[in-house]
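Let's take a walk through this fold, strand by strand, and then look at one of its pockets. Pull up the viewer and follow along.

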Amino acid sequence: KQAGYALDDKIEVSIQTESDEVKQVLEIHNAMIADALQAKLVDVLESADVNEEVQIDGAIVTISVKKV
């Protein structure tokens, strides 16, 4: 939403954290997350349009988004 993309824009999303627990959940639900976001999930995203830090169960998670 913050990036102002249209629904048909193609995007890449990177979700980074130091938490092993969050990493495990992300790996298990990778396909579902990508489908829900209508995005390609990537390990590293250079030159992101938007970066957001959130906390999930006390773990800091950085979500980066870029239009491709």
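Start with strand β1 (residues 11–17), which pairs with strand β4 (residues 59–67) in the antiparallel sense, over seven bridges. To get your bearings on that pairing, find Q16, which stands opposite T62 in β4. Keep in mind that this is a predicted model, and that everything here is read off its atoms.

β1 has another partner too: strand β2 (residues 39–41), and here the pairing is parallel, over three bridges. A handy marker for this one is E12, which sits opposite K40 in β2. So how enclosed is β1 by the rest of the structure? Largely so, because five of its seven residues are buried, and buried here means under 20% relative accessible area.

Now move along to the other strand that β4 pairs with. Strand β3 (residues 50–56) runs antiparallel to β4, and seven bridges join the two. V50 has V65 in β4 as its bridge partner. β3 and β4 make a hairpin, with two residues between them. As a reminder while you're tracing these strands, side chains in a regular strand alternate between the two faces of the sheet.

The hairpin turn is worth a zoom. D57 lies in the loop between β3 and β4, and its phi is positive, about 50°, even though D57 is not a glycine. Is D57 buried or exposed? Its relative accessibility is 78%, so D57 counts as exposed, the cut-off being over 50%.

There's another backbone detail like this elsewhere. Q38 also has a positive phi, near 50°, in a residue other than glycine. You'll find Q38 in the loop between α2 (30–37) and β2. With 57% relative accessibility, Q38 counts as exposed.

Finally, on to the pocket. The second largest pocket holds about 330 Å³ of space. Which residues line the second largest pocket? They are V13, I15, Q16, T17, K23, L26, E27, N30, L41, V42 and D43. Two elements, β1 and α1 (20–28), each give two or more residues to that lining. β1 provides the largest share, with four residues. Chemically, the lining of the second largest pocket is a mix: five residues are nonpolar, three polar and three charged. You've met one of these residues before: Q16, part of this lining, is the residue that stands opposite T62 in β4. That brings us back to β1, which pairs with β4 and with β2, and also contributes to the lining of the second largest pocket.

Terms used
Residues numbered from 1 in each chain as written. Predicted model: local features only at pLDDT ≥ 70, side-chain atom pairs only at ≥ 80, totals over all residues. Heavy atoms only, no water. Buried < 20%, exposed > 50% of the residue type's maximum accessible area, 1.4 Å probe, protein only. Pairing = 2+ DSSP bridges. 1 Å grid on protein atoms, 1.4 Å probe; cavity = no way out; pocket = protein on both sides within 12 Å on 5 of 7 lines; lining within 4 Å. Points joined across faces, edges and corners; volume = space filled by probe spheres on them. Nonpolar A, V, L, I, M, F, W, Y, C, P; charged D, E, K, R; others polar.
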